[in-house]
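Work through the exercises below with the sequence and the model side by side. Try each task before reading its solution.

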Amino acid sequence: MKGKARKVAIVGAGMVGSSCAYSMVNQSICDEIMMIDRTYDRALAHALDLSHCMDFTSTRTKVRAGTYADCTDMDVVIITAGSNPKPGQDRLSVLDDAVHITREIVTAIMEGGFDGIFVIAANPVDIVTYLVQSISGLPRNKVIGTGTSIDSSRLKTLLSEVFSIDPRSVQGYALGEHGESQFVAWSHVTIGGKPLLHILRQHKERFRHVDLDDIARKTRDAGWEIFTRKGATYFGIANALAYITRSILNDDGKIIAISAVLDGEYGHTDVCTGVPAIIGSKGIQEIIELELSPEEQAKFDASCHLISDNIRAISGLVKPIE
């Protein structure tokens with residue numbers, strides 16, 4: 001007998017939101033998707049278009065348009081709505097717009113009694129995730145940002161090209177800000193279970209062309225390379241959102257590099273940044289604390305301080321709903 005229907009709302013029917021819905025429909029991740037957008041007709045059009053996929057998928061996903069007031073019984077609300085940086089700007093440049101957009105969305109959703117899990121992709125994602133947790137008043141395990149999940153995927157793709165292997169055979173993380181101050185924790189990157197740094201030491205001649213600094217730079221800048229060519233990134237981050245949501249709804253316990261509000265982990269408190277965490281039915285089940293090298297810890301600290309500085313700059317606007 002079928003259990004409770006799994007329901008997901010997607011706020012923002014732009015390229016990321018619509019691509020996320022399309023990914024979830026094709027992967028049969030949930031039973032119902034509700035599209036929400038400031039332009040109701042756009043949300044409705046996407047819902048109609050997506051509903052016409054059902055004859056060609058393994059299971060049926062009901063897709064409809066809705067409003068913030070309809071989020072009460074949603075299991076997951078995905079927030080993709082936000083502003084895009086202009087050429088020459090970074091993700092932090094849209095912070096002011098993000099504050100106002102996020103407060104409007106979260107306040108309206110919480111007024112309806114929502115008690116599910118938020119998953120956030122809107123940039124700057126670490127700070128927006130912090131905002132959502134602060135404004136909603138939900139416990140930190142129920143507020144998850146996409147963080148460096150997409151950056152970690154980009155890292156694996158780059159390494160797979162260098163070593164001519166399947167990217168799924170690479171394990172490793174980009175950590176810290178989903179932005180300019182992120183870094184790769186090279187001490188924890190493995191290929192087929194073997195530490196990458198050991199491989200490079202054992203095969204110096206064979207892999208003498210491998211430049212870790214260049215790979216880290218390409219990992220960080222991959223989004224901008226796409227952005228400058230087509231104006232936005234959406235397929236990769238949409239699949240990251242679907243992957244995180246599936247781990248929640250199926251209680252998979254996947255370990256994913258997401259944005260989480262820290263409470264003493266890695267020596268930091270009251271800051272939100274990209275760290276690996278176990279994701280299941282309760283949201284963030286546990287943050288994984290990697291033993292970073294002194295150099296990596298210094299980079300992590302610097303990234304957290306940058307995020308904290310920006311959080312302090314908007315501190316007057318993050319009061320919880322009363």
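The exercises go from the whole protein to single helices and then to single residues.

This is a predicted model, in which local features need pLDDT of at least 70 and side-chain atom pairs count only at pLDDT 80 or more, while totals for chains, interfaces and linings use all residues. Residues are numbered from 1 along each chain as its sequence is written, and side-chain values use heavy atoms, with hydrogens and water left out.

**Exercise 1. The whole protein**

Task: Compare the radius of gyration of the protein with that of a compact globule of 322 residues.

Solution. Start with the rule: the radius of gyration is taken over C-alpha atoms, and the globule value is 2.2 Å times the number of residues to the power 0.38. For 322 residues this gives a value near 20 Å, and the protein has 19 Å, so the two agree. Next, look at the extent: the C-alpha trace spans about 60 × 50 × 40 Å along its principal axes. Then take burial, where buried means under 20% relative accessible area, exposed over 50%, and partly exposed in between (1.4 Å probe, protein chains only). By this count, 53% of the 322 residues are buried. Finally, list the secondary structure: there are nine helices and 14 strands. Helices (H or I, at least four residues) and strands (E, at least two) are DSSP runs, numbered from the N terminus.

**Exercise 2. Helix α4 and its ends**

Task: Check the length of helix α4 (residues 125-136), and describe what lies on either side of the helix.

Solution. The expected span of a helix is 1.5 Å times one less than its number of residues. For the 12 residues of α4 this comes to 16 Å, and the end C-alpha atoms are 16 Å apart, so the helix agrees with the rule. Of these 12 residues, 12 are buried, so α4 is largely enclosed by the rest of the structure. Among the buried residues are Tyr-130, Gln-133 and Asp-126. Before the helix, Pro-124 sits in the loop between β5 (117-120) and α4. A cis peptide bond, with omega about -5°, links Asn-123 to Pro-124. Just after the helix, Gly-137 has a positive phi of about 75°.

**Exercise 3. Helix α5**

Task: Repeat the length check for helix α5 (residues 149-163).

Solution. The 15 residues should span 21 Å, and the end C-alpha atoms are 21 Å apart, so α5 also fits its expected span. Its buried residues include Arg-154, Leu-158 and Phe-163. Ser-164 follows α5 and has a positive phi, near 55°.

**Exercise 4. Phi in two loops**

Task: Is Ser-28 buried or exposed? Do the same for Tyr-266.

Solution. Most residues other than glycine have a negative phi. Ser-28, in the loop between α1 (15-27) and β2 (32-36), has a positive phi of about 50°. Its relative accessible area is 18%, so Ser-28 is buried. Tyr-266 lies in the loop between β12 (254-263) and β13 (269-280), and its phi is near 60°. At 6% relative accessibility, Tyr-266 is buried.

**Exercise 5. The surroundings of Val-210**

Task: Which residues does Val-210 contact, leaving aside neighbours within four places in sequence?

Solution. First place the residue: Val-210 is in the loop between α6 (196-202) and α7 (212-230). With 16% relative accessibility, Val-210 counts as buried. Contact means heavy atoms within 4.5 Å. Val-210 is in contact with Val-162, Phe-163, Leu-200 and Ile-215.
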